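User: I would like a close look at one part of this protein, with a friendly walk through whatever surrounds it. Here is what I have in front of me.

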There are 2 protein chains.
Amino acid sequence: MEITKFSIPEIIFGRGALKYAGLCAKRLGAEKPMVVSDPGLHECGWVSHLLEVLAGEGLEWCYFEDVVSNPRDTQVAHGALFYAEHKADVIIALGGGSPMDAAKGIAVVASNGGSIQDYEGANRIHRPLPPMVFLPSTAGSGSDISQFAIITDTRRRLKMTIVSRTLVPNISIIDPNVLTTKPRYLVLAAAVDALAHAIESYVSIIASPFTELQSLKAIEMISIHLPRAAQEPTLEILESLSIASTAAGMAFSNASLGADHALAHSLGGMFDILHGEVHSVLLPAVMRFNMDAALPKMAQIGKILIGKNLRSERQTAQAGIEALEHLFASLGMKQCLRDLVPEPSHLPQLCRMAAQDACLLTNPRPAKWDDLLAICEEAW
Amino acid sequence: MEITKFSIPEIIFGRGALKYAGLCAKRLGAEKPMVVSDPGLHECGWVSHLLEVLAGEGLEWCYFEDVVSNPRDTQVAHGALFYAEHKADVIIALGGGSPMDAAKGIAVVASNGGSIQDYEGANRIHRPLPPMVFLPSTAGSGSDISQFAIITDTRRRLKMTIVSRTLVPNISIIDPNVLTTKPRYLVLAAAVDALAHAIESYVSIIASPFTELQSLKAIEMISIHLPRAAQEPTLEILESLSIASTAAGMAFSNASLGADHALAHSLGGMFDILHGEVHSVLLPAVMRFNMDAALPKMAQIGKILIGKNLRSERQTAQAGIEALEHLFASLGMKQCLRDLVPEPSHLPQLCRMAAQDACLLTNPRPAKWDDLLAICEEAW
């Protein structure tokens, strides 16, 4: 086995865990934390609740919510200025992948200077970041666990993948209560994102026994609880999806991802699509592309998805992919790339950008831009 | 589900990973690390190898090896003085549970003052510790992963259990090569300790989905690789046992242990017995005592150990315990408490001390000192 690493934040998990946010921030030295969230969470009352918790611990705070879905380089730059102006000392993010990734970007620029573009790629952050306490509001992005941040470069219209051990937050506080105010469609899209994290990390060329265990657990739990969530996302189901998303986060943070996420980032950068919406279109086609390069593992995934082994590994793997397609269809998720991309003429540029994404490096089957194009054409 | 936590160090795992010790120490701010190890590892050449790695990174170092099996309060006190005298800044431990626990004790006293007795029990360490990089030389203690340190109080002749989040090392570097020079009996005893960690943490009253996953993985891997190690502990088997021990460490650090470890600490304190030797005697009796309080989980353990489900949970659980007894016998491990304790007259005192151990708080069936006595009499 190659030398491998496994790094995750300290995790505090459970209903009501948000109440520890102030104590955790203080433990990391906070006197004036900067809270990063978005207007949606503000409206649901979670931001006020969090700010009360912080005030209850005697903390001054400053609040920043200039964050949109697919957070932008310009917002990161504003946030870093805001952090400096308010002399903040710890960053607390409350939200889905967008506020959390924005908060990571802000942490990088606030402490390392320059613009977020300077840190695109792997291991380019050299100075320590402010301590980070993250509270996810979806069970999907895994940003509260992972060493990834995805920020849109508005000029180039692409999503930059930034990977660094220092992007792992210090503490992740996962409170399933916070998920109860999310619209059902967002709950499902987030869970599909987590499922893609689990599947891609499992077949990654740098998967380890530590990450494989988490990937398989996540696939198993999501395959059980995602259809239930489509019926009625009870607190119990949201809790299970949160456990699964956390496990998937531990896996992909340390084993990275593959062609599905490389394409998803490219798509999201060009067309500002909800990230969780693209996997139902792309993941099955990517799994077919990867099949021969990772057959025993693809069969293992298939076995979990269909509940049994068929006669051959190939049959089990194929049946798993079909089961996934049925699941996505039954959830009302998008099935064809043409539902997301206005014209097929965009595909070559989209694939050339995806071929530059750091996630592609760990795909089990090497893929060039024209391989990605074939995947997109299959999914069209 | 109750609010739960899951905290582990950054892990670097693999053959040859020791070479990263200097880089890791520097990342934590080291200029003059203190290395804690023992004469056995010095003799095998591992200490020199580590010191060369540190020198190669331009680090000055100081070296402390006044550590015995079941490390003592007096050694911790000497080590803390040594740390201060040498103006060390990071603690690097290389060894089995004894050097690693001694290093934790030294870190506590060097930074928090007083004597190690002041920190006995849970959450009594209030000031930050020096950064810690640990390199385990056995696949068993899990001290490189856990928030536990066990130090012998030489005056009271008992092992103190010290539990604190701050005792989780910053970085654990697990290099299976380092295990190749251990005598076979110590390899087996360490693996049995890891198995006890996995089983006790799985049935702990504060087990969580995060710890249960790791416990089950560890039980499965140890049940496969422990008998193989008894034949010939190849590097591949040692690597698998290291993965299992790491998983068990993640589990017990966060879910704690139970009556077996409470008694093991008491026994080790009174009679200076090798810690890994006591579980083959105590664990089956403790599992029988716990059976009704955790029947579905005991059946799950049984299913892994015997490879199938029997007609009832109880039958599966019982067959699992018997399989464990056969395994221990086949390994030549001790079977009876009388092989470890000179006279039965010691048992009441031994059990009264064990009843005070922090590990007993999470045993699935509440146990008073006389319950422990009954367990010891069964195991006599």
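Let us take chain A as the part to look at: among its contacts between residues at least 6 apart in sequence, what percentage join residues at least 24 apart?

Analyst: Happy to help. Please keep in mind that this is a predicted model. The figure you ask for is 78%: that is the share of contacts in chain A, counted between residues at least 6 apart in sequence, that join residues at least 24 apart.

Let us put that number in its setting. Chain A is built from 14 helices and 10 strands. Its radius of gyration is 20 Å, close to the 21 Å that the globule rule gives for 380 residues, so chain A is as compact as a globular protein of that length. Measuring along the principal axes is another way to view it: the C-alpha trace spans about 65 × 45 × 40 Å. Of the 380 residues of chain A, 62% count as buried. As for the outside, chain A exposes about 13700 Å², and 50% of this area is supplied by carbon and sulfur atoms. Among its side chains, 31 are positive and 40 are negative, with the centres of the two sets 4 Å apart.

Now for some individual residues of chain A, beginning with one whose contacts reach into chain B. A:Arg165 sits in the loop between β9 (158-163) and β10 (171-174) of chain A. Its relative accessible area is 29%, and partly exposed is the class between 20% and 50%, so A:Arg165 falls there. Setting aside residues up to four places away in sequence, A:Arg165 touches A:Ser7 and A:Gln147 in chain A, as well as B:Glu10 and B:Arg27 in chain B. Along the chain, A:Arg165 and A:Ala122 are 43 residues apart, while their C-alpha atoms are separated by 9.3 Å.

A second loop residue, A:Lys87, is found between α4 (73-85) and β5 (90-95) of chain A. A:Lys87 is not a glycine, although it has a positive phi of about 50°. The cut-off for exposed is over 50% relative accessible area, so A:Lys87, at 69%, counts as exposed.

Aromatic rings offer another link between the chains. A pair of aromatic rings is described by the distance of the centres and the angle of the planes. Over all chains, the structure holds 8 aromatic pairs. In one of them, the rings of A:Phe13 and B:Phe210 have centres 5.4 Å apart and planes at 70°, so this pair is edge-to-face. The pair crosses between chains: A:Phe13 belongs to strand β2 (residues 10-13) of chain A, and B:Phe210 belongs to helix α7 (residues 209-231) of chain B. Both A:Phe13 and B:Phe210 are buried. There is also an aromatic cluster formed by A:Phe6, A:Phe210 and B:Phe13.

Following these links into chain B, we can look at a few of its residues too. B:His197 lies in helix α6 (residues 184-203) of chain B. With a relative accessible area of 3%, B:His197 is buried. Beyond its neighbours within four places in sequence, B:His197 is in contact with B:Gly140, B:Ser141, B:Ala248, B:Phe252, B:Leu257 and B:His261.

B:Leu331 is in the loop between α12 (313-330) and α13 (347-354) of chain B, and at 11% relative accessibility it counts as buried. Its contacts, leaving aside neighbours within four places in sequence, are B:Leu188, B:Val192, B:Leu226, B:Pro227 and B:Ala230. From C-alpha to C-alpha, B:Leu331 and B:Tyr185 are 9.0 Å apart in space, with their positions 146 residues apart in sequence.

Helix α12 of chain B holds B:Thr316, which is buried with a relative accessible area of 1%. Not counting residues up to four places away, B:Thr316 touches several residues, including B:Ala299, B:Gly302, B:Lys303 and B:Ile306. The C-alpha atoms of B:Thr316 and B:Ile301 are separated by 8.5 Å, and the two residues are 15 apart along the chain.

Last comes B:Asn123, in the loop between β6 (121-122) and β7 (132-136) of chain B. B:Asn123 is exposed, with a relative accessible area of 55%. Its phi is near 60°, a positive value in a residue other than glycine.

Methods. Residues are numbered from 1 along each chain as its sequence is written. Chains are lettered from A and ligands numbered from 1 in the order in which they are written. This is a predicted model: local features need pLDDT of at least 70, side-chain atom pairs count only at pLDDT 80 or more; totals for chains, interfaces and linings use all residues. Side-chain values use heavy atoms; hydrogens and water are left out. Helices (H or I, at least four residues) and strands (E, at least two) are DSSP runs, numbered from the N terminus. The radius of gyration is taken over C-alpha atoms; the globule rule is 2.2 Å times the number of residues to the power 0.38. Buried means under 20% relative accessible area, exposed over 50%, partly exposed in between (1.4 Å probe, protein chains only). Contact means heavy atoms within 4.5 Å. Accessible areas come from the Shrake-Rupley method with a 1.4 Å probe; for residues, only the protein chains shown count as cover. Lys and Arg count as positive and Asp and Glu as negative; His and the chain ends are not counted. The place of a charge is taken as NZ of Lys, CZ of Arg, CG of Asp or CD of Glu. Rings of Phe, Tyr and Trp (its six-membered ring) pair if their centres lie within 6.5 Å; planes under 30 degrees apart count as stacked, over 60 as edge-to-face and the rest as tilted.
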